[in-house]
Amino acid sequence: VSTQSTWGSFMMFLDRKEDEKKGDTAKLAIFGSVRARRGSELKVMSTVEGKAPGFFTKGVKESIDDSEWGTDIVLFKGDELSYALGKDGSTKKKLARAANCIISYIGTFAYIAGTRKERSKGRRYLKWLLRQRGGPVHVDDVEKYKDVLVLKVNPKAISEVMGKRGSGLRTIEEETGTFLFMAKCNDSERLLICGGDEVARKKS
């Protein structure tokens with residue numbers, strides 16, 4: 001029920017009772033808009049994959065969908081998955097909200113669904129997030145990204161803006177639906193405010 005409520009979809013199993021005894025799989029019908037159906041489908045896939053590893057991801061490889069509306073697949077390496085998930089999935093949710101796309105982690109893969117522009121933002125935000133694990137993130141030519149607001153912060157105020165373990169930025173992200181981080185832009189440290197919504201970026 002929670003999946004249906006989250007995505008505004010309607011799901012029901014199509015198998016008859018006598019069919020359930022014939023095999024280990026069941027047919028699930030998902031009704032709703034394209035976004036609602038795909039969001040629900042990926043949630044179900046994630047749940048099933050958690051119970052039966054490899055059910056959906058066996059043979060899957062990284063890929064970029066050429067369609068205007070589709071799904072891109074990114075492979076996690078090492079402990080990237082846990083870092084990109086966050087506590088109770090908070091990190092994954094903020095990336096999806098900022099990029100206005102669907103992000104679901106299935107096995108060791110990130111499935112990023114939406115329009116071509118939404119998926120591009122989702123992949124880029126995820127890449128920038130994972131780079132933070134290795135130290136300062138370098139972003140050159142940041143001006144070319146229309147979904148990123150670059151803010152110069154007084155060095156003396158950076159720790160206050162960041163908050164303890166980044167809690168200050170996390171609070172702003174939750175309130176505005178954006179993705180924030182400090183980055184090196186042409187050798188200068190800047191605060192990057194990322195998000196597809198211009199009003200949300202300015203509010204941050």
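This is a tour of a predicted model of one protein chain, given as a list of stops to select in the viewer.

**Stop 1: the whole chain**

Begin with everything shown as a cartoon. The protein chain has nine helices and nine strands. Its C-alpha atoms fill a box of roughly 70 × 35 × 35 Å along the principal axes. The chain has 204 residues, and 39% of them count as buried.

Switch to a surface view next. The accessible surface is about 12,500 Å², and carbon and sulfur atoms account for 51% of that area. If you colour by charge, there are 39 positive and 28 negative side chains to find. The centres of these two sets lie 1 Å apart.

How much of the contact pattern joins residues at least 24 apart? Among contacts between residues at least 6 apart in sequence, the share is 58%.

**Stop 2: the largest pocket**

The largest pocket holds about 500 Å³ of space. Select Trp7, Lys43, Lys92, Lys93 and Ile103, which are the closest to the pocket centre among its 20 lining residues. Then colour the elements that each give two or more residues to the lining: helix 1 (2–7), helix 3 (34–51), helix 4 (80–85), helix 5 (90–99) and strand 4 (102–106).

**Stop 3: serine 82 and lysine 92**

Stay with helix 4 and select serine 82, which is placed in that helix. Is serine 82 buried or exposed? Serine 82 has a relative accessible area of 52%, and because the cut-off for exposed is over 50%, it counts as exposed.

Now draw a distance from serine 82 to lysine 92. The two are 10 residues apart in sequence, and their C-alpha atoms are 10.0 Å apart in space. Lysine 92 has already appeared on this tour, as one of the residues closest to the centre of the largest pocket.

**Stop 4: phenylalanine 76**

Move back along the chain to phenylalanine 76, in the loop between strand 3 (69–75) and helix 4. Its relative accessible area is 6%, so with buried set at under 20%, phenylalanine 76 is buried.

What is phenylalanine 76 in contact with, leaving aside neighbours within four places in sequence? Show the side chains of Leu81, Ala84, Tyr105, Thr108, Phe109, Ala110, Leu126 and Leu130 to see these contacts. For a longer line across the model, join phenylalanine 76 to aspartate 24: they are 52 residues apart in sequence and 29 Å apart, C-alpha to C-alpha.

**Stop 5: two residues with positive phi**

Select asparagine 100, in the loop between helix 5 and strand 4. Its phi is near 60°, a positive value in a residue other than glycine. Asparagine 100 is partly exposed, at 46% relative accessibility.

Select aspartate 141 next, in the loop between strand 6 (137–138) and strand 7 (148–151). Aspartate 141 is not a glycine either, and its phi is positive, at about 55°. Why does aspartate 141 count as partly exposed? Its relative accessibility is 48%, and partly exposed covers the values between buried, under 20%, and exposed, over 50%.

**Stop 6: helix 8**

The last stop is helix 8 (residues 167–176), where threonine 171 is found. Leucine 169 lies in helix 8 too. Select both residues and look at their surroundings.

Leucine 169 is buried, with a relative accessible area of 1%. Threonine 171 is partly exposed, with a value of 39%. Apart from neighbours within four places in sequence, leucine 169 is in contact with Val161, Met162, Leu180, Phe181 and Leu191.

Two distances finish the tour. From leucine 169 to lysine 203, the C-alpha separation is 13 Å, with their positions 34 residues apart along the chain. From threonine 171 to aspartate 65, the C-alpha atoms are separated by 33 Å, and the residues are 106 apart along the chain.

Notes
Residues are numbered from 1 along each chain as its sequence is written. This is a predicted model: local features need pLDDT of at least 70, side-chain atom pairs count only at pLDDT 80 or more; totals for chains, interfaces and linings use all residues. Side-chain values use heavy atoms; hydrogens and water are left out. Helices (H or I, at least four residues) and strands (E, at least two) are DSSP runs, numbered from the N terminus. Buried means under 20% relative accessible area, exposed over 50%, partly exposed in between (1.4 Å probe, protein chains only). Contact means heavy atoms within 4.5 Å. Accessible areas come from the Shrake-Rupley method with a 1.4 Å probe; for residues, only the protein chains shown count as cover. Lys and Arg count as positive and Asp and Glu as negative; His and the chain ends are not counted. The place of a charge is taken as NZ of Lys, CZ of Arg, CG of Asp or CD of Glu. On a 1 Å grid over the protein atoms alone, a cavity is a set of points where a 1.4 Å probe fits but cannot get out, and a pocket is an open set with protein on both sides within 12 Å along at least five of seven lines; lining residues have an atom within 4 Å of a point. Grid points are joined across faces, edges and corners, and a volume is the space filled by probe spheres set on the points.
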